[in-house]
Amino acid sequence: MSDIYLFDVDGTLVMDGIIPKSAIEAINRLKEKNNIVMLSTGRCLGQLKYVLEKIDFDGAILNNGSIVVVRNEIIFKSPINKSTIQQMIADNLHLGLLTKDKYFAFNDDEVFEQFYDYFNIEKAITIKKDVPLEDVYSLGVYGLDLDQLDVTRYKDLKFIRVCPIGFDVVNKGISKASGIKFLRKKFPSSKIISFGDNYNDIEMLDQSDISIVMGEANLEVQKHADYVTKSPLEDGIMYALKKFVRSI
């Protein structure tokens, strides 16, 4: 029976804008053995062009679990209530809005630039606040004083700190781990092996059969790993697969 391998993107598969050749080779070997290889990311599909040009994945848990796609079939989706988004807009929060395919923002405040630099990601598409919204599956909330943000104002949302100046935001009950729940329904006999490095990976790591954390991850995240491997740029994915999971 095929196993399912889940790879976080930023800080796990991609580091400083680089996908190590060893990671590409390792994933191709997994696919050759008929394993199911998927991304598990806070990003939307439109932000993954660079990755998908290099690796042919079998699917993805997108937008931190708000969309699950397997072999071009959407098996789950959970859009955020548009009235809640309008409330956040009225509260003048610095928002990034992620649909299934696109990353939008209403302005280009300096904090956005800092967030882009932190994760080495492309800029959001700037739109006007009165443009009708597509279905939004996750949000970014950015700021230099996020500790002062009263997240309890938005009772249907879950806020996940991903860096000093940014939260990932999804509906309550949604996470990369909730994406795993739907994968287990579709592939009940498959073992799930996950790779991650950040706080939004913790629930995924806890719900996997085998959890692997990259060597540069925060110590709190490392506590949730069955195995801590090397840094991505030190061939950490290949190293873990050879040393801990299986011979490839």
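Colleague: Taking a disulfide as a pair of cysteine sulfur atoms within 2.5 Å, how many disulfides does a search of the whole structure find?

Modeller: Zero. C44 is in no disulfide, and the nearest cysteine sulfur, that of C163, is 17 Å away. Before we go on, this is a predicted model, where local features need pLDDT of at least 70 and side-chain atom pairs count only at pLDDT 80 or more, while totals for chains, interfaces and linings use all residues. Residues are numbered from 1 along each chain as its sequence is written, and side-chain values use heavy atoms, with hydrogens and water left out.

Colleague: Thanks! Why is C163 not bonded to C44?

Modeller: The two sulfurs are 17 Å apart, and C44 holds the closest cysteine sulfur to that of C163, so the distance is too far for a bond.

Colleague: And is C44 buried or exposed? What about C163?

Modeller: C44 is buried, at a relative accessible area of 0%. C163 also counts as buried, at 5%. The cut-offs are under 20% relative accessible area for buried, over 50% for exposed and partly exposed in between, using a 1.4 Å probe and protein chains only.

Colleague: New topic: sheets. What is the strand order in the one with six strands?

Modeller: The order is β8-β7-β6-β9-β11-β10, an open sheet with mixed pairing. β8 (125-126) and β10 (157-163) are at the edges with a single partner strand each, so one side of each has no neighbour in the sheet. Strands (E, at least two residues) and helices (H or I, at least four) are DSSP runs numbered from the N terminus, and two strands pair if DSSP finds at least two bridges between them.

Colleague: How many bridges join β6 to β9?

Modeller: Five, with β6 (residues 94-98) and β9 (residues 138-142) running antiparallel. L97 is opposite L139 in β9. β9 also pairs with β11 in the antiparallel sense, over four bridges, and there G140 has D168 of β11 as its bridge partner.

Colleague: How many residues of β9 are buried?

Modeller: Five of its five. S138, G140 and Y142 are on one side, with L139 and V141 on the other, and both faces are covered. In a regular strand the side chains alternate between the two faces of the sheet.

Colleague: Which strands does α3 lie across?

Modeller: Helix α3 (residues 82-90) lies across β6, β9 and β10, at about 155° to β6. That angle is between N-to-C directions on a scale from 0 to 180 degrees, with axes fitted as lines to C-alpha atoms, for helices over the stretch in contact.

Colleague: Which residues of α3 are buried?

Modeller: T84, I85, M88 and I89 are buried. Seen down the helix axis they fall within an arc of 145°, so they line one face of α3; the arc is that of the directions from the helix axis to the C-beta atoms. These buried residues pack against β6, β9 and β10, where contact means heavy atoms within 4.5 Å.

Colleague: Where is Q86, then?

Modeller: Q86 is in α3 too, but Q86 counts as partly exposed, at 41% relative accessibility. Just after the helix, N92 takes a positive phi of about 60°.

Colleague: Let's move to the sheet of eight strands. What is its order?

Modeller: That open sheet runs β5-β4-β3-β2-β1-β12-β13-β14, again with mixed pairing. β5 (73-77) and β14 (227-228) are the edge strands; each has a single partner strand, so one side of each lacks a neighbour in the sheet. Helix α5 (residues 176-186) packs on this sheet, touching β1, β2, β3, β4, β5 and β12.

Colleague: Last one: which residues touch the most other members of the largest nonpolar core?

Modeller: F7, L13, F57, F195 and I237, out of 33 residues. Elements giving two or more residues to it include β1 (4-7), α1 (21-32) and α8 (236-245). A second, separate core has 21 residues, among them L97, L133, F159 and F167. A nonpolar core is a set of buried Ala, Val, Leu, Ile, Met, Phe, Trp, Tyr and Cys residues joined through side-chain atoms within 4.5 Å.

Colleague: What is F7 in contact with?

Modeller: Leaving aside neighbours within four places in sequence, F7 contacts I27, L30, V37, M38, L39, S40, F57, F195 and I237.

Conventions: Disulfide = S-S within 2.5 Å.
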